[in-house]
Amino acid sequence: MSSYNFEYYKPKSIEEAASIFDQMDQQGKDPMYFSGGTEIITLKRLNQLKTGAVIDIKAIQECNVFEFHEDSLLTGAALTLTKVEELNLFPLLSQTVSEIADKTARNKITAGGNICGQIFYREAVLPFLLTDSELMIAGSDGRRNAPIKDVFNKQLLLNRGEFLVQMKTNRKYTEMPFVSIKRRRQWNTGYPLLTVAALKAEQGIRVAISGLTHFPFRSAQMEDALNRTDLAFEKRINLALSLLDVPILNDTEGSARYRLFVLKNTLYDIFQELEGDKLASIEEH
Amino acid sequence: MNIIGKSVIRKEAFDKVTGRAKYTADELSVNTLHVKMVTSAYGHAKIVSIDDSLARQISGVRAIIKGSHELPLTGEEIRDRPPLAVDKVRYFGEPIALVVADRPAIAKQAADLIQVKYEPLSVIQSPSEALKADAPIIHENLLSYDKLGSAYPVPNSNIANVTKIRKGNIDQGLKQSDVTVEGTYRLSPASHAAMETRSAAAEIKPDGYVHITTSSQAPFMVKKLISIYFKIDVGKIIVETPFVGGGYGGKAPIQWEILAYLASKAVGGRRVTITYTREEDLTTAPCKVGLEAKVKIGSTKEGIIQAAEILYLFDGGAYSDKSIDVSRAGGVDCIGPYNIENVWCDSYCIYTNHPYGSPFRGFGHSEVLFAFERTMDQLAGKLDIDPLELRKKNAILPGHTTPTQVLLNRSSVGNLPACIERLKELVGWEEGKQVEEIDDRRVRAKGIACGWKTSTIDTDASSGVILTFNPDGSINLISGVVEIGTATKTVLAQILAEKMKMEVEQIHVKMKIDTQTTPEHWKTVASRGIYMAGRAVLAAAEDVIRQIKDMAAQILRASMRDLDIANGKVFLRDDPNISLDFKDIVYGYKFPNGHSIGGQIIGYGNYILRRLTKLDPETGAGQPGPEWTTAAYYVEAEFDKRDFTYRLQKAAMVVDIGQVLNRKGAIGQVMGGMSMGLSHAGRETFVFDELGRVMNPQLRTYRPIHYGENPDYLVDFVKTPDINGPYGARGVGEHGLLGMPAALANCLSAAADANLNELPLTPELIWRSKGAEL
C-alpha cells in the first residue's frame with residue numbers, strides 16, 4: 001500500500017512519453033518512468049521512493065522489440081525477463097536474467113527496468129556490458145545512441161527526462177561461448193552473493209560482475225589479468241583479484257572476505273567452462 | 001467402519017484451493033477504521049520525544065495512541081511488556097504508537113509523519129552478553145512486575161527465569177565416565193514466517209461487550225488475558241477466529257489483539273482492524289527464540305552414557321512472555337531421548353534486545369536437540385561407535401525416568417529403538433560409509449539425529465466438544481480447536497465418524513471459533529489438538545450414543561444394553577431389522593398419533609490432562625506433560641569440498657505416532673515440519689546490526705526454504721499406542737522439525753570434517769569453520 005496518490009500515464013510513443021515527463025516535471029511532480037513496476041511499487045510502500053506521477057513505457061513500440069535487425073539484436077527495454085528467457089534470442093542474456101528474482105516477479109520485471117533499478121544488482125546489464133552494446137536513450141531532445149561504456153558507469157547515466165528505449169547488440173556476440181553463474185548465500189533463492197557473466201570473444205575472456213560491490217561492473221584490468229596466457233590460471237585469478245579496485249560488499253548475504261573466496265572459485269569455474277580443455281591439460285602437467 | 005487411518009480430504013479443502021476460504025483480514029465491513037503502527041527504529045533506545053503534530057493534521061485521522069504508564073503491563077508469565085513502548089524501546093520493531101484512521105492509506109500516511117526522537121542505548125545482542133557483570137539491565141523494575149505464572153526472575157540481572165534440572169548425581173556420573181565430550185552451540189532468533197500475517201479487529205459495543213476477531217491459535221486465551229489486563233468481565237469479551245493461515249506457535253501469544261482493543265477504545269469503541277505488514281510480522285510480532293548452549297556428556301568406553309551436564313541460555317528477547325515457558329520446556333527435555341541417570345541442567349530465559357520469543361513449532365526442542373545431538377555425534381566419533389548404534393544403546397525405554405524424574409511406561413513413551421531400526425531400513429543406513437566420495441570435489445554425506453517431545457502445557461488445560469444433530473441425522477461437530485492448517489478438524493470428524501459408525505460426510509465441522517458458543521480448547525498448540533479434542537469428541541460421542549439408545553429403548557421396548565448403532569441407525573443387536581433412523585429420534589420421536597417424546601439431542605464431551613504437576617524449583621522434578629513421542633531423523637546431502645556449498649538430497653524421518661488417524665494428513669504434517677526444520681537449519685535466521693536492527697525484515701532477504709530447494713522426503717511411522725490418546729494416537733504436529741537441524745549439522749560436520757555447531761548452516765559458516773581461507 002502506498003500512503004499517497006500519484007498519477008499514472010501510459011503514452012504510446014517516445015515523444016509523448018518525453019513530453020508528459022516534462023509537463024509533470026514542470027508541475028513539480030517528480031515524475032518517474034515506469035516499466036515492470038516491481039521496484040517502484042515495493043520501494044514506494046516502504047517510503048524509499050517518492051513520485052507524483054509515473055509514465056509507463058510499456059505501450060511504446062520501440063521498447064518492446066526483440067528481433068535481429070541487420071547484424072544487430074534489438075532488445076526493447078520494456079521486454080519482461082520471462083519473454084527474454086522464452087524467446088532466447090540471446091542465450092547469455094536469457095541465462096543471466098533467468099536467475100533474477102523468481103518466476104512471478106520475472107513475469108513483470110523488464111530488461112530495461114532491471115538495468116535502471118535502484119536495487120543495485122542490475123544483473124540484466126552484465127550481458128550488454130560484455131558485448132559492448134549500444135543503448136538507445138530518448139528524452140525531450142529526441143533520441144540518441146551511445147556505446148554502453150559511455151553511459152553506464154555503476155548505473156545508467158541518464159539526463160533528466162531521459163529513458164532507456166532499447167539495447168543494440170552485435171549479432172556475433174550473441175553466438176559466442178559464454179557462461180553466467182549466480183552464487184547465493186544459500187541454495188537457489190535470493191539476491192546474489194555474486195553474479196558473474198563471462199563471454200569468450202576473439203580477443204579473450206570478458207567478465208562482468210554484479211553483487212561484489214554496490215554496482216555491476218566490467219573491469220579492463222581484471223580482464224587483462226585473466227587473459228595473461230603466460231600465466232597459469234590460478235595466478236591469473238589471483239592477479240585479477242589483486243587488481244580489484246572496488247569496495248567489497250559486507251552485508252546479510254555474506255561478508256566481504258567470503259565474497260572474494262566465492263569470486264575466486266567462480267572465476268575458476270568460468271575458466272573451466274570456457275577454457276576447459278586447456279585447464280585439463282595444465283592440471284595434468 | 002474403517003475411517004481411522006484413511007486419507008480423508010480435509011473438509012475445508014475446496015474453499016481453500018478456490019481461494020474462497022476467509023481469514024481474519026478478509027472480513028471487511030463498511031464502518032471499520034484502520035490502524036497502522038509506528039515501530040521502533042532501534043534495538044535499545046530512550047524515547048526522547050514523539051511528535052505527532054503533523055500526523056494529527058491529516059484529515060481522516062481519528063486517533064493517535066502513544067504508550068503511557070496508564071496502560072497495563074502485559075505478559076503471560078511476567079507482566080513486563082507495555083503494549084506500546086513507554087520511556088524506552090527494547091527491541092527493533094516494538095510498537096510505539098498507533099494511528100486510527102478512516103482508510104489504511106490515511107493511517108499509513110499519518111504514521112509515517114510521526115517523528116520519534118531516540119537516544120540509543122547499548123544493545124545486548126546475546127544471552128552471554130546479557131549475563132556479563134557490566135551489561136545494561138533491560139528491565140530495571142524486574143522484581144516489581146506482576147507475575148501470572150510461576151517464573152523465577154533474578155533481581156538486578158537480565159535473567160527472566162531459571163529452570164533447574166537435578167537428576168541423580170552429576171559428579172558421580174562424570175566420575176563413572178571413561179570418556180567425556182563437550183561442545184558449545186549457538187543459534188539466533190528467527191521467524192515463523194506464516195503465510196498469513198497477524199491480524200485482528202476489535203469493537204467495543206455500547207453495552208460494553210468487546211468483540212474481537214483475530215488470527216490466533218489461542219482465542220480463549222485472548223479472552224482471558226484481555227479480561228485480566230483491562231479488568232473487563234471475561235464473559236463480556238467475545239473472540240472469533242476464522243481460518244488461520246499458519247501459526248507454528250507464533251499466533252499463540254497475544255499482542256495484535258491488545259493493539260486492536262486499544263485502538264477501538266480510543267475511537268469510542270468503533271470497529272477497527274489492524275493487519276501487520278510482512279515487515280511487522282517478522283520484527284514486531286514475537287519470534288522464534290535463539291539459544292546459546294554448552295553440553296557435556298560422559299560415557300563409559302562401551303558407549304553407555306553416565307552423565308549430562310548442560311547449560312542452556314535462551315535468547316528470550318526484550319520481553320519474557322512465552323519464552324519463559326519455552327526455556328522451561330528446554331529444561332524438561334534437556335537431553336535427547338536417552339536414559340541418563342545423572343543429569344544436571346540449568347536452562348535460563350535471558351532478556352536481550354532482540355524481538356521477544358514465543359512458542360515455535362517444537363517449543364524449544366529443536367534448539368535443544370541441535371546442541372545435544374551434535375554432542376552425541378561427537379561422542380560417537382570419539383568412541384568410534386556408529387552414531388545410530390550409540391543412540392539405540394542409550395534409548396529411553398519404559399521403566400526409565402526422564403530428566404524431570406517421570407517414570408515412563410509402555411504407553412507414555414514411544415518406541416525409539418523401533419524408530420531407529422525402521423529408519424535404518426528406510427535409508428539403507430548400513431550401505432556405504434557416512435561420507436562417500438563422488439568425485440575429487442564432491443562427497444555424499446549422511447547424518448542422523450533422534451528426538452522426543454512432551455508438551456509442557458498448563459496442568460489444567462482442557463478441551464471441550466459439543467455435538468448437535470441435523471434433521472437428516474447428520475452431526476455438527478463444534479470444537480474449540482482452531483483450524484490453523486493442520487486439518488485437525490477433519491481428523492476430529494474421522495474420530496467421530498469411526499465412533500458413531502457413520503460416513504465422515506455425515507459429520508459437519510464448524511470451522512470458525514466463537515468463544516461465546518464454541519466450547520473451549522485451551523490453545524491450538526503443543527501438538528495437543530487431536531490428542532485432547534479427540535478424547536473430547538469420543539466422550540461427546542458416547543454421550544449422544546447413550547441418549548439415542550435411551551430414546552430407542554423406550555420406543556423399541558428393549559434394554560439399552562441390547563441396542564447398537566451404525567450407519568445412522570439404532571437397532572437391536574441380534575436383529576438389526578428392528579431399528580430406528582437417527583433422523584426419527586434426534587429431534588424427538590413422534591408417535592403415529594402425534595404424541596412426541598425426547599426432543600433434540602445435544603452431546604458434550606471434554607478432556608482434561610490429568611495428574612500434571614509444576615516442576616520443583618530446585619530439582620525440576622515433576623510431571624510436565626502427558627506422553628513423549630519419539631523419532632529418528634536422517635539427512636543426506638551432496639557437499640562440495642571446494643565451495644562448501646551443498647544440496648539437500650534426501651531427508652527421512654520415522655516417528656512413533658501411536659496410531660495413524662489420517663495417513664496423508666500425518667505425512668503432510670511430518671514432511672512440513674521436516675521442511676521447516678531444514679529451512680531453519682540451512683538458511684532462516686534474523687541478522688542484526690550493531691544497533692540491534694533486523695537487517696533482513698522482508699521475505700526478499702529473510703528467506704524460508706523454497707520449492708525446488710527441498711530434498712526428497714521419506715516418512716514412516718511406528719505405532720506404539722498411547723492408551724490415553726484417541727485410538728492410541730500421539731501428538732505429531734511438531735515432531736517433524738525437532739531433529740532436522742541436528743541431523744543436517746551432523747551430516748555436514750561429517751562431510752566437511754569440521755564441528756559445525758552454529759545455525760544456520762550456510763556455506764559461509766562452513767567456510768569459516770574450515771579456517772576462512774581465500
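Before anything else, a word on contact: two residues are in contact here if their C-beta atoms, placed from the backbone, lie within 7 Å. Please also keep in mind that what we are looking at is a predicted model.

With that definition in hand, let me start inside chain B, where 17 residues of domain 1 of chain B are in contact with 16 residues of domain 3 of chain B. On the domain 1 side of that contact, α6 of chain B, residues 219–230, and β11 of chain B, residues 237–241, each supply at least two residues. Sorted by class, the side of domain 1 of chain B that touches domain 3 of chain B holds 10 nonpolar, five polar and two charged residues. The centres of domain 1 and domain 3 of chain B, taken over C-alpha atoms, are separated by 40 Å.

To place those domains along the chain, domain 1 of chain B is made of the segments 28–121, 195–246 and 251–283. Domain 2 of chain B is likewise put together from 287–406, 415–457 and 612–769, while domain 3 of chain B covers 462–608.

Stepping back to chain B as a whole, we find 18 helices and 32 strands. Its radius of gyration is 27 Å, close to the 28 Å that the globule rule gives for 774 residues, so chain B is as compact as a globular protein of that length. Along its principal axes, the C-alpha trace of chain B spans about 95 × 75 × 50 Å, and 59% of the 774 residues of chain B count as buried. If we take the contacts in chain B between residues at least 6 apart in sequence, 78% of them join residues at least 24 apart.

For some local detail in chain B, I would like to follow three strands in order. Strand β24 of chain B, residues 563–566, pairs with strand β25 of chain B, residues 569–572, in the antiparallel sense and over four bridges, and within this pair L563(B) stands opposite L572(B). The hairpin of β24(B) and β25(B) has two residues between the strands, and N567(B) takes a positive phi near 50° there. Moving on, β25(B) is also joined by four bridges to strand β26 of chain B, residues 575–581, and these two run antiparallel as well. In this second pair, the bridge partner of K569(B) is D581(B), and the hairpin from β25(B) to β26(B) passes through two residues.

Now let me turn to chain A, which has 13 helices and 14 strands. The radius of gyration of chain A is 20 Å, close to the 19 Å that the globule rule gives for 285 residues, and chain A is therefore as compact as a globular protein of that length. The C-alpha atoms of chain A fill a box of roughly 70 × 45 × 30 Å along the principal axes. Of the 285 residues of chain A, 43% count as buried, and of the contacts in chain A between residues at least 6 apart in sequence, 58% join residues at least 24 apart.

The domain assignment divides chain A into domain 1, residues 7–56, domain 2, residues 61–174, and domain 3, residues 178–284. Between the centres of domain 1 and domain 2 of chain A, taken over C-alpha atoms, there are 19 Å, and the contact of these two takes 14 residues from domain 1 and 20 residues from domain 2 of chain A. Which element gives the most to the side of domain 1 of chain A that touches domain 2 of chain A? That is α1(A), with seven residues.

One helix of chain A deserves a slower look, namely α11 of chain A, residues 233–242, whose buried residues are R236(A), I237(A) and A240(A). Why do these three lie on the same side of α11(A)? They cover an arc of only 100° around the axis, and that puts them on the same side of the helix. In general, an α-helix has 3.6 residues a turn, so residues three or four places apart point the same way. The buried residues of α11(A) pack against α10, residues 220–226, and α12, residues 256–274, of chain A, whereas the face of α11(A) turned away from its buried side carries the exposed residues K235(A) and S242(A).

Finally, let me bring the two chains together: their contact takes 23 residues from chain B and 20 residues from chain A. On the side of chain B that touches chain A, the largest share, five residues, comes from α3(B).

Methods:
Residues numbered from 1 in each chain as written. Chains lettered and ligands numbered in written order. Predicted model: local features only at pLDDT ≥ 70, side-chain atom pairs only at ≥ 80, totals over all residues. Domains from an automatic or database assignment. Nonpolar A, V, L, I, M, F, W, Y, C, P; charged D, E, K, R; others polar. Rg over C-alpha atoms; globule rule 2.2 N^0.38 Å. Buried ≥ 20, exposed ≤ 12 C-beta atoms within 10 Å, placed from the backbone. Arc of directions from axis to C-beta. Pairing = 2+ DSSP bridges.
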